[in-house]
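Me: I want the reasoning behind the labels on this model. Take them one at a time, and set each value against its cut-off.

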Amino acid sequence: QYGNMEWIQSLEPFIINKYDEIFTNKQINLQGKLSSFFYIINILKGRVMKYIVVTISDTSNLDAKKDLSGPEIVKFMGKENILLGQEIVSDDIDKIISVLDKWLEIDDLNLILTTGGTGIGPRDVTPEATKKIIDYEIPGIPELMRVKNYSNSDYVSLSRSVAGVKSKKLIVNLPGSVKAVTENLQIVYPLLKHAIELINGNTKH
């Protein structure tokens with residue numbers, strides 16, 4: 001499990017409100033009530049991912065409205081996970097490291113998803129920045145993304161995404177396009193909760 005008691009206690013008002021919403025709203029059908037009920041159970045069990053999204057792009061850093069992949073990640077992760085923050089940073093190694101280090105200080109954070117800067121251009125430095133801060137890599141995650149996507153495009157071979165762990169927090173680099181973000185999240189999403197559990201020492205299967 002990867003929640004702690006302080007975090008659960010801080011969610012008490014939210015859980016009470018959610019409970020009232022579920023069982024007093026007559027417009028919510030039985031399926032909706034059950035879905036919301038199990039959402040609360042997952043919160044209490046610490047199985048809801050608490051994550052950060054970092055968009056790495058010179059263009060989006062100048063104009064946040066041009067950031068499409070960051071919001072797409074948030075949309076994909078849905079209401080069943082908890083977004084702790086979202087930030088845009090330019091394609092600069094030192095600035096990327098600074099942003100990642102800042103978010104990594106959050107105790108209850110489980111996951112950082114970056115988008116952008118994973119190609120082979122001179123300004124694509126997300127993998128280098130990630131490697132500088134992680135304790136160890138998980139090469140199988142980007143390998144899986146590439147292998148599964150070869151059927152979609154040969155250009156996948158030019159992706160240099162990295163995944164790794166820093167202070168028991170999982171960091172995964174995603175590409176910068178909306179389409180690629182969705183395709184890759186569909187591949188790795190089923191693994192993320194299990195990976196986070198293993199990272200935090202829960203090795204029971």
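Me: What makes Ile-56, Ser-57, Asp-58, Asn-61, Lys-95 and Ile-96 contacts of Ser-90?

Reply: Heavy atoms within 4.5 Å make a contact. In this predicted model, Ser-90 meets that test with Ile-56, Ser-57, Asp-58, Asn-61, Lys-95 and Ile-96, leaving aside neighbours within four places in sequence. Ser-90 itself sits in the loop between strand S2 (82-89) and helix H6 (93-104).

Me: Is Ser-90 buried or exposed, and how do you know?

Reply: Its relative accessible area is 8%. Buried means under 20%. So Ser-90 is buried.

Me: What share of the chain is buried?

Reply: Buried residues make up 45% of the 205 residues. The chain has nine helices and six strands. Of the contacts with a separation of 6 or more, 74% are between residues 24 or more positions apart.

Me: Which residues touch the most other members of the largest nonpolar core?

Reply: Ile-73, Met-77, Leu-111, Leu-113, Leu-170, Val-172 and Leu-174 do, in a core of 23 residues. Strand S1 (50-56), helix H5 (69-77), strand S3 (111-115), helix H8 (140-149), strand S5 (163-166), strand S6 (169-174) and helix H9 (178-199) each give two or more residues to this core. H9 gives the most, with nine. A second, separate core has 18 residues, including Ile-56, Val-99, Leu-109 and Ala-129.

Me: Which residues does Val-172 touch?

Reply: Not counting residues up to four places away in sequence, Val-172 touches Leu-111, Ile-112, Leu-113, Thr-114, Ile-141, Met-145, Val-162, Ala-163 and Leu-192.

Me: How are H5 and H9 packed?

Reply: Two packed helices are described by the angle between their axes and the distance between the axes. For H5 and H9 the angle is about 30 degrees, and the axes are 9 Å apart. The crossing of H5 past H9 is right-handed.

Me: Which residues make that contact, on each side?

Reply: H5 brings Ser-69, Glu-72, Ile-73, Phe-76 and Met-77. H9 brings Val-178, Val-181, Thr-182, Leu-185, Gln-186 and Tyr-189. By class, the contact has seven nonpolar, three polar and one charged residues.

Me: Why is the pair of Phe-76 and Tyr-189 called edge-to-face?

Reply: Two values decide. The ring centres are 5.7 Å apart, and centres within 6.5 Å count as a pair. The planes are 75 degrees apart, and over 60 counts as edge-to-face. So the label edge-to-face fits Phe-76 and Tyr-189. The structure holds one aromatic pair.

Me: What does the pair tie together?

Reply: Phe-76 lies in helix H5 and Tyr-189 in helix H9, so the pair ties together parts that are 113 residues apart in sequence.

Me: What makes Phe-76 partly exposed and Tyr-189 buried?

Reply: The cut-off for buried is under 20%, and exposed starts over 50%. Phe-76 has 26% relative accessibility, so Phe-76 counts as partly exposed. Tyr-189 has 18%, so Tyr-189 counts as buried.

Me: Which residues are in contact with Tyr-189?

Reply: Leaving aside neighbours within four places in sequence, Met-49, Phe-76, Met-77, Glu-80 and Asn-81 are in contact with Tyr-189. The C-alpha atoms of Tyr-189 and Met-77 are separated by 8.6 Å, though the two residues are 112 apart along the chain.

Me: What sets the phi of Ser-167 apart?

Reply: Its sign. Phi of Ser-167 is near 50 degrees, a positive value in a residue other than glycine. Lys-168 also has a positive phi, near 65 degrees. Ser-167 is found in the loop between S5 and S6, and Lys-168 is found there too.

Me: Why is Ser-167 called partly exposed?

Reply: Its relative accessible area is 42%. Partly exposed lies between the 20% and 50% cut-offs, so Ser-167 belongs in that class.

Me: How do you know whether Asp-108 is buried or exposed?

Reply: Asp-108 has 18% relative accessibility. Under 20% is buried, so Asp-108 counts as buried. Asp-108 is found in the loop between H6 and S3.

Me: How far apart are Asp-108 and Lys-169?

Reply: They are 61 residues apart in sequence and 9.2 Å apart in space, C-alpha to C-alpha.

Methods
Residues numbered from 1 in each chain as written. Predicted model: local features only at pLDDT ≥ 70, side-chain atom pairs only at ≥ 80, totals over all residues. Heavy atoms only, no water. Core = buried A, V, L, I, M, F, W, Y, C linked by side-chain atoms within 4.5 Å. Buried < 20%, exposed > 50% of the residue type's maximum accessible area, 1.4 Å probe, protein only. Helix = DSSP H or I, 4+ residues; strand = E, 2+ residues; numbered from the N terminus. Axes fitted to C-alpha atoms, helices over the stretch in contact; angles between N-to-C directions. Left-handed = near helix turned anticlockwise from the far one by under 90°. Nonpolar A, V, L, I, M, F, W, Y, C, P; charged D, E, K, R; others polar. Phe/Tyr/Trp six-rings, centres within 6.5 Å; stacked < 30°, edge-to-face > 60°.
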